[in-house]
Each structure stands twice: as structure tokens, then as C-alpha cells.
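I opened the model today to look at how the chains touch and how some helices pack. My notes follow in the order I looked things up.

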Amino acid sequence: MSDDPFLKIVNGLVAIVLGVGGTAALYWVLNFLVGLLPGKWDKRIKPFVFIGPAILVVTVFLVYPALVTVMYSFADANSIDWVGFQNYVDLFQDDEFIGTLVNNLLWILIVPAGSVIVGLLVAVLADRLKALPERIAKSVIFMPMAISFVGASTIWGFVYATRFAQGDQQIGLLSAISTSLGFEPVAWLRISDYNLNDLLLIIIMVWLQAGFAMVLLSSAIKGVPDDTVEAARIDGASEIQIFFKVVVPQIWPTVIVVFVTILILVMKVFDIVYVMTGGRAGTSVLANTFVLELFEFGDAGRAAAVVVVLMVAVIPVMIYQMRQFKKQEAR
Amino acid sequence: MRNITLGSVAVRVGIVLLCVLWFIPTLGLLISSFRDEADVKSSGWWTVFTDPFDVSQWTFDSYAQVLESGMANAFVNSLVVSVPATVLPIMIAAFAAYAFTFMRFPGRNVLFMLIVGLLVVPLQVAFVPLLNLFGDYNLNGTFLAVWLAHTAFGMPLAVYILRNYMASLPQEIIESAEIDGASHFQTFWRLIVPMSVPALAAFAIFQFLWVWNDLLVALIFLGAGDNEVVTITLRDLIGDRGQEWHLLTAGAFITMTVPLLVFFSLQRYFVRGLTAGSVKG
């Protein structure tokens, strides 16, 4: 029955109609009921009719499960008996987990910086082109933003593909280049020396995120007042001096926003590692270890502990974001 | 006309190099997906440039094969997952954003700070308890489970984007509506929703692409099987037939068609959505 694509589409349409209609009806009824209350109560309660459903959804599906996860992290594999800090002790005594943490660190150090640098470079160079070439160049760099992590993993998996049989031609670009330079064919994603395989995965993320950095930085650069640049030029400053001493200081707030945004994304990186290596050859990251613990090893306790570690790592960024928001509101 | 200087040549060379570097991986995928299986496996995709007009080397076979082996079904599933998961959170979030912007009530700032904080929270913290909760109602593996999950996971971002947009609307309009005796309910539907269309569109595009491209939530709550979405099908192709590059490239390109279409037709809104919703995760 469910095999029929037509039924599935009907199913989806029904969900939209029922979901949207149902929510609209809910708001209407609640609003009507509250309207029956005497004036003072009407005013007091109505805001909660408006935000109630959103808060309810977020509480039931996000906040409450998060708290339960913290509890699970102190329980055994099936979340039945308490084990105290055992899950955490096990994790931090496991060399592989320490390696995972180091990998996460590598990701969050390289990807935001790399994306900002490439994004800035493209934004600056494209700004000097005519309108049409500028648009084409930006579209090319930006296009990966629309591609899923799994799609990007396929694209780059093909770049990194290697053939080993004697006489086979290389079909992956990287191996074709390396063998034509006289090197032996190698399985790129298994080389953990100097974290080479991690770096090859990290490149994929930079490829995906540079476009995002470019878009924001480009609009910031276009917002830099011309007269500040002109004044520096008249004073005899070189283009490079103008860029670092006049432009960069003015766009710095945007640089920080881009950096933090990509940082948050990268802390939770999962798909690329999961699809390309499954975390093998020392490439795992926290979100990947979580899925492995949960599904491969069936240990809900350790899985929960892994996410709590991730959550704790995110907290400083979260506080930073809240502070930024408050500052922005105060303006 | 600008003078041709060393500088302007350097600029052009630099940008062309970067663009080529950025485009080559995708180009390789695209070309390979239209090549014959034997060709893909025996020679690099760049060899087509020796004789690009030899029509006999181009074929749709890989597409036909990959569509038949489950990708067509997954494509329908992805649509069935993505559209409701995009539409459902919007109204709930719009009501909440209205209250956060135009109504005064105790706890308003604390609740909104909660939303800002939740923007950053890794979704994984919710997974195990949610799996148990959905399991109690036999929802795991159903579309309803992913719709609910995506609605909740998209909610903080939706509220955040919409509230920030509504806060930028002129306050006098709301005040004069109030003086005219309009209720909040009327003001919301007749004034604020129509005025917020750009922000609603930005969120809708962003959420749609997010859900369509998502692997993690689909993996946890939908899994493999009859209801699996394109990202899962592609992942399984990579896992099971990792050397069948003619299938992988065609499969990957099929999963990318919808996001690329959305991207090229609605680029302006897409950029706005990214800018506003850049902290989603």
C-alpha cells in the first residue's frame, strides 16, 4: 500500500492541510475562548495563546529530551541502571575518543578560518570585476551551499578515488595527478599520518562553506565607505595596505559573525565523516561517534555521554551568542 | 575603459583559478553521470575533452538504472518529507514571533533568550529520548515522526528570523491598528503576515533545503526502507556499491537537482535566508 507514490503524495498533502488547518483552528478557538474572559484576563492570557504552541513544541521535542539525555548519560547501555560517571570515565580513558576530540578541534580550527580566507579572497577579487563576471564568479563559489553533505561527499569521494590494479587508469582526479607525478597509488582516506585523511575531509567542508563566507563578507566590503579608501589612496597607501588597514578593520564584525556561525556548524559536523569513512582510520568526530555508539554498539548511555560532551563544548559559544543578541537589542 | 595593468591581470587570473578549482569536482561528477559504465570505470572523466562532440559516448543509462533501483521512490519520499516539514513550523513560529515582538507579558525576554540559546544546541541531544517517545506510539520510521522532529528542530530558527524581521517593521502601523480597534488576531492576519512575506519566504527556502539535504534526522527517525529519502539512498549506494561510480555520480546528481533548482531560481531569497538563519544546526 505504502509503495504507491500517489498515496504518499496524498498523505503529504493531507498532512499539510490537516497540520496547517488544525493549527489555524487551534489558534482561532483558543483566541475565541480567551476573548470570552473579562478584559484584564484577556490581555494577560492572550500572549500565551500566541507563543504557547511554539514553546510547547520546543519543550516537548527539544528541551525535555535534552534533559533526559543528560540523565541517560549516567545510566547503562539500556538506560535501566545508574552507573554514575562510568560512561564519562570510559570515554576519557579511551584513546580513540581522545583522538575524536582532537579531530573535532582540528575541524573547528581549520574550517572557519579557511572559509573566511577563501570567502574574503573571492569577495575582494570579484569586487574588482565588471558586474556580469562578478555574478558568475560568485555563483560558482556559492553553488556548493545548495549541495547536501552526502552529495558533496560523493563529489569529493570521486576526486579521492584510487585504483590499484596494474595497468588501470586512475579515474579520481587526485590520484591521477599524484601518479602522473610518479607516486604510487594510495588510498587517500586511510592515510592517518599528519592527519592527512582528516584534512582531506576538512577540505570538503571549506569547499561547502566558503560561499557563505563570501556572500556576507562581500556585502560588508561593499558597505565600506568609498571616501575612507580614497583618502588612504591619496595618502599613497598601496592596495594591500588599504585592504589590511582600512577595509579589514571596518568589516571585522562581519568576519567574527561568519567565523562563529561556521564554527557552530562545524562542531556538529557529521554527514561527511559518516558517509566517507564512517570514522575509520582515526577520522571520527563527536557526532559520528554518537551515531556509532547508539546504532552499532547499542549503548544509549555512552551515546548520551558523547552528546553531553558535545553540548558542554557548545555552551561557551551559546553564551557568546546570547550576549551578542543582547548587545544588538540594546542598540 | 580600464587600463590593463599588472594588478588587474593578477585579479583576473586569481579569480579564474579559484572558480576553476571550485567547479572542477562538480563538473567531474556531472560529466561522469552521463558517461557509459565501461568508460567511467576505465578512464578519467577529463578524457572526454579529447573528443567532446562524439555523441556516442553520452548516455542516460546510469540515470535510468539508479532511478529504477530505488532513487525514484526516494525522490517522492523526499518531497513528501520536505514540503510539510517546511510548511508546518511556519504558522506556529509566526504567531510566537508576533507575541515576542508586539505583546508585553512576564517572561518574554527569558523565553526569547531560550530560543536564541536553542539555536546553537546540537540536535543530537534530543535523539535518544525522542526515539523512545516515538517508539511508544509506533511512530519511528513514519513520515509523521520526521515531520514532528523537523518542525521542532526548525522552530527556534523560524521564531528567531521572523521576530527579528517583525521588530524592523514600523511600530506606528500596529499602534494605529490598535487605536482603530483591531484585535491582535486581526492585526496578525491582516497586517503582519502580509508584511512579513519576505522573511517567511526566506525561512521557507532555508528550511526546505535543510530538510531535503538532511541525512542525520532522516537516518534516526526514518531509516532505510520503503520510506527512505534521497540522502539515505545515496548513502547506501556509497556504502554498498562504492566503486560503481557511474551510479554514484548519477544518483548524487539526482539528489542535487531540487536544491540546485531552488538555488538558481530563488538565489536572492536564499541568500537572505542564509544570512538570517546562519546559526541553524
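For contacts, I took two residues as touching if their C-beta atoms, placed from the backbone, lie within 7 Å. This is a predicted model, so local features need pLDDT of at least 70 and side-chain atom pairs count only at pLDDT 80 or more, while totals for chains, interfaces and linings use all residues. Residues are numbered from 1 along each chain as its sequence is written, and chains are lettered from A, ligands numbered from 1, in the order in which they are written.

Entry 1, the interface. I found 88 residues of chain A in contact with 86 residues of chain B. Helix α2 (residues 39-72) of chain A gives the most to chain A's side, 17 residues. Helices here are DSSP runs of H or I, at least four residues, numbered from the N terminus. I then split chain A's side by class and got 66 nonpolar, 15 polar and seven charged. Nonpolar means Ala, Val, Leu, Ile, Met, Phe, Trp, Tyr, Cys and Pro; charged means Asp, Glu, Lys and Arg; the others, Gly among them, are polar.

Entry 2, domains. An automatic or database assignment gives chain A domain 1 (5-72) and domain 2 (94-148 + 210-330). Their centres, taken over C-alpha atoms, are 34 Å apart.

Entry 3, a helix pair in chain B. Helix α6 (residues 143-167) of chain B packs on helix α9 (residues 197-213) of chain B at about 155 degrees, axes 10 Å apart; axes are lines fitted to C-alpha atoms over the stretch in contact, and angles run from 0 to 180 degrees between N-to-C directions. So α6(B) is roughly antiparallel to α9(B) (the cut-off is over 145 degrees). By class, I noted eight nonpolar, three polar and no charged residues in the contact of α6(B) with α9(B).

Note on methods. Helix = DSSP H or I, 4+ residues; strand = E, 2+ residues; numbered from the N terminus. Parallel < 35°, antiparallel > 145°, perpendicular 65-115°, else oblique.
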